[in-house]
Amino acid sequence: MTDTRRRVKLYALNADRQWDDRGTGHVSSSYVERLKGISLLVRAESDGSLLLESKIQPDTAYQKQQDTLIVWSEGDNFDLALSFQEKAGCDEIWEKICQVQGKDPSVEITQDIVEESEDERFDDMSDAAPPIELPPCELSRLEDINELIENCLTSPMRKEKLAVALESEGYIKKLLNLFRTCEDLENIEGLHHLYDIFKNIFLLNKNALFEVMFSDDTIFDVVGCLEYEPTLSQPKRHREYLRQLARFKQAIPITNTELLAKIHQTYRVQYIQDVVLPTPSVFEDNMLSTLSSFIFFNKVEIVTLIQDDEKFLTELFRQLTDEATLDSKRRDLVLFLKEFCNFSQNLQPQGKEAFYKTLTALGILPALEITLAMNDAQTKTASIDILTYIVEYSPSVVRDYTLQQINNTEQDQMLVNVIVAQLVGDSDPELGGAVQLAGVLRLLLDPENMMASVNKSEKTDFLNYFYKNSIGTLIAPLLANTIGERPAREDYRTVQLLGLILELLSFCVEHHTYHIKNCILNKDLLRRILVLMKSTHTFLVLCALRFMRKIIALKDEFYNRYIIKGNLFAPVFDAFVRNNGRYNLLDSAILEMFEFIKLEDIKSLCSHVVENFSKELEAIDYVQTFKALKLRYEQHQDKLKDRDRTTIDSVPSILRNSRYRRDQRQLDEEEELWFNEEEEFDEDSKSHQQQQQQQSVLNNNTANNNITSQQPQINNSSSTTNESPIASDINPTPAIGTVEKTGTALFKKGLVDYEGDSDEEDEDSELSPSPKRQRLS
């Protein structure tokens, strides 16, 4: 059986002065040849890997706290802690450390915490060798006591000896007796001295003193001493708040007296740290690190005690989901659960995983479906906080739960749909809950945290479900507000909500390709969003512009054709003209979008902008963006002409005449023809693209030539073949309208349709050249 005495959790203090868990394992002490000394070794209980190998240095300050903690520093600003499962194991390792350093195991600290300079050590040796003698604890000596404690704060060695003296002589309880006397006598001067005394005792940063001050029989007197701040004309009323106003509610009766005492103590100590104690200066900030550690380990112990009580949690979730539970009772249960989840943030990763697995198994997510939809504001806010904790830790838990619900739950009761419905229906004018839920939804839709999921189809299945069943509810307020040419409603809540929705949609455009593209094209979503460019709220105009910018950044020709066909740059240019050249964020954002089109050389968009908005562009001369865009367009046109000339040069001389030169009008017609085309080409046909382009050039030019009364005839090059008139196969009046109707047929037909040829033979002719070359007569 595993020796639980040596079972420990290893913690390290990070840069934010928070304890990070480094793992759970078993500690031992043994001689390590490489380190040349007795060392502390911690091996992980999961795989036996070495979590810690630390030589017990003779001058390192080890500190024993709360009977089950050993804390020390390795090097500069690198604090470590071992939290033992049992007190016996802590005592055993502590004795080993004290043996190596030659210290008495009864002490709670082995060395000075801070490394001193040689001069400081010399000074301390002269005046700190004997123990500190405290003045008699009398009213007349309070000023002397205060002065002595202040002087000791400057030296680590003197701080240590002062702490030992205060603890050994029971001095704190004597001071608290004086406090009660001063308060009875209304001795304000004495109360001011006691305030300074206890404030400085906190700065000694000694866990042993905290244990005395935070016990049930002394903590209120300590708080009382800190009410009489000398700079205030009237004392504060912290004790009145803690005793009368701060009411402790038991959502579920707690029978464990140890747990109950720990909860009370933690709340009061947290209040002292956050409210009662003055804000520490930059120099005093690290002096309260032991107080933060005291609270941290208390919270870990509370979560562990509650989690181990299966009957308590089972009853909690039973009442939470019971339809007969009163709303007020359900609110208390949710508020307790929120605090429970808040405390769990101090757990180590393995403990946190077990914590959320326990909550999930007990039915936390079905319970949240109920509490999120409640009308009570406190219940709803606390439920959102709980959901945020869960999703931030593991979005896959919620996604898996949603996919399991599909076949046995009504759509409006699905958790994801409840989240979306609460987001768009938030009645708070400031939309505090909606902002949080938007963050939750963003995490659930983020493909990056789907990659590590065990369920390989999770990404596909969840996104399929969301875009089929939830996206409609999300964009409903957006569609309802953009029916006309201007936004229907411009009140503060509506525009804030639309801003949140646009942020989510912009995220989807960036991270989801197929699903969001179908949604945008099927619902003509970009056109509706660009109606918001006429909003009176500039931030909403920028949100709409940002959405379009995300689409353009993809450089997807499907999107580009959609923008061109719908002339969707028009609302952008209208907003640009209305802005009237003002140097603001809107002006810069629009310019940046067109700068991107220019730099990335998106030819289709560049051509569309120059050809359709040249009048607006000519008036803008304070930046070079549009001039450069026009220059890029002209360069592109020159390349097209050169390519056409090369194409014509490749045609046999008998076919080469002026009829094959294309003008600008013809280019526009071809482009219009391309974007009106609805047929999708197979990827396999790309290998024949060059051959089709060459034939399309000949077909289009032939079709668009000025038609005279005398029709040209095409003869076979062989003199032995009978001549057939072209009039029998080609419409005698091939106007431009005819070309547009034929659509893609122009790309697939040869110069001539012969009588008797079937459509299938025409399609096959793409893949093999005509056996006979024709000539014009």
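Here are four short exercises on a predicted model.

**Exercise 1. The chain as a whole**

Task: State how many helices and strands the protein chain has, and what share of its residues is buried.

Solution:
- Count the elements. The protein chain holds 35 helices and nine strands.
- Take the burial next. Of the 777 residues, 45% are buried.
- Turn to the surface. Its accessible area is about 41,000 Å², and carbon and sulfur atoms supply 49% of that.
- Check contact range. Among contacts with a separation of 6 or more, 65% link residues 24 or more positions apart.

**Exercise 2. A charged patch**

Task: Which residues gather in the surface patch of negative charge?

Solution:
- List the members: Asp67, Glu108, Glu167 and Glu211.
- Place one of them. Glu108 sits in the loop between helix 1 (87-101) and helix 2 (118-127).
- Classify Glu108. Its relative accessibility is 36%, so Glu108 is partly exposed.

**Exercise 3. Backbone at Lys36**

Task: Find where Lys36 lies, and decide whether Lys36 is buried or exposed.

Solution:
- Read phi. Lys36 is not a glycine, yet its phi is positive, about 60°.
- Locate Lys36. The loop between strand 2 (19-32) and strand 3 (37-44) contains it.
- Classify Lys36. Exposed requires over 50%. Lys36 reaches 53% relative accessibility, so it counts as exposed.

**Exercise 4. Backbone at Lys555**

Task: Find the loop that holds Lys555 and give its exposure class.

Solution:
- Read phi. Lys555 has a positive value of about 55°, although it is not a glycine.
- Locate Lys555. It lies in the loop between helix 24 (538-553) and helix 25 (557-565).
- Classify Lys555. The relative accessible area is 42%, so Lys555 is partly exposed.

Conventions:
Residues numbered from 1 in each chain as written. Predicted model: local features only at pLDDT ≥ 70, side-chain atom pairs only at ≥ 80, totals over all residues. Heavy atoms only, no water. Patch = residues over 30% accessible without salt bridge, like charges linked within 9 Å, V, L, I, M, F, W, Y side chains within 5 Å. Areas by Shrake-Rupley, 256 points an atom, 1.4 Å probe, with all protein chains shown as cover. Salt bridge = Lys/Arg side-chain N within 4 Å of Asp/Glu carboxyl O. Lys, Arg positive; Asp, Glu negative; His and termini not counted. Charge placed at Lys NZ, Arg CZ, Asp CG, Glu CD. Helix = DSSP H or I, 4+ residues; strand = E, 2+ residues; numbered from the N terminus. Buried < 20%, exposed > 50% of the residue type's maximum accessible area, 1.4 Å probe, protein only. Contact = heavy atoms within 4.5 Å.
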